Amino acid sequence: MPAEQLTVPAEPGPFHSDPARTALVIIDMQRDFVEPGGFGEALGNDVSLLRAVIPPLRKVLTATRTAGLTVIHTREGHRPDLSDCPPAKLHRGNPSLRIGDPGPKGRILIRGEYGHDIVDELTPQAGEAVLDKPGKGSFYATGLHRLLTTAGITSLVVTGVTTEVCVHATIREANDRGYECLVLSDCVGSYFPQFQQAGLAMITAQGGILGWVAPSGAYLDALRAISPARPMPLPGADGVDHP
Ligand code: TIU
């Protein structure tokens, strides 16, 4: 008989959750971060390192949909008039292209531009929320907490890019709001191998101070063992922003 609880062997110990109260969160898998000509490359990064995340994440997304769990996508970006981009973010560093500048995939990190959207391999489906966020964390200036609370979600399976920036910011925000986070180690990526390693280690240290970490294979095996979940529908999950 299929188990009703999701149990994933993880570090620092097994991760347990109710599938109907668990959401897969896919953070910022946008062309701007994982393809040449976007924000990530403008910051001086080798974006090819992040592309390794796409094949395992695609499998995770497909299996999560089949199992009936809630799926949420986020996108980092700004309004065309940059009114939601603080000067501290706009003027930071010495990028080859700044936020809002025209690039080969449209204006850098601007909502509605081709480069701002999610890669083809992970295109959101109807019924999945797509949250636009101006910051690194997925809770700051978004309706994510309200959305999750209304849907009864208490556990997050966290994936996306980059491990040490938007993934970490989101996990930290989630912890402070009482969510339990499982991070899939091969479905999060960094431009810096040493940050990938340290970023994952920081989550599980101190008895799991920020959450749990497991490879996607362990999560996929756990999904196969459960009956299809029947989550509450996301309020207004119509594939658009939920401010
Ligand atoms: N630069 C970098 O590592 N990340 C970001 O700017 N945003 C996200 O992580 N999504």
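Q: Why is Leu82 called partly exposed?
A: Buried means under 20% relative accessible area, exposed means over 50%, and partly exposed lies in between (1.4 Å probe, protein chains only). Leu82 has 21% relative accessibility, so it counts as partly exposed. The model is predicted, with local features needing pLDDT of at least 70 and side-chain atom pairs pLDDT 80 or more, while totals for chains, interfaces and linings use all residues. Residues are numbered from 1 along each chain as its sequence is written, and side-chain values use heavy atoms, with hydrogens and water left out.

Q: Why is Asp28 called buried?
A: The relative accessible area of Asp28 is 0%, and therefore Asp28 is buried.

Q: What makes the phi of Asp28 worth stating?
A: Phi of Asp28 is near 55°, a positive value in a residue other than glycine. Leu82, also not a glycine, has a positive phi of about 60°.

Q: How do you know that Asp28 has a polar contact with the ligand?
A: A polar contact is a pair of N or O atoms within 3.5 Å; within protein, one must be able to donate a hydrogen and the other to accept it, and residues adjacent in sequence count only if both atoms are side-chain atoms. An N or O atom in the side chain of Asp28 is 2.7 Å from a nitrogen atom of the ligand, so the pair meets the cut-off.

Q: What makes Cys166 a polar contact of the ligand?
A: A backbone N or O atom of Cys166 lies 3.2 Å from an oxygen atom of the ligand, and this pair therefore qualifies.
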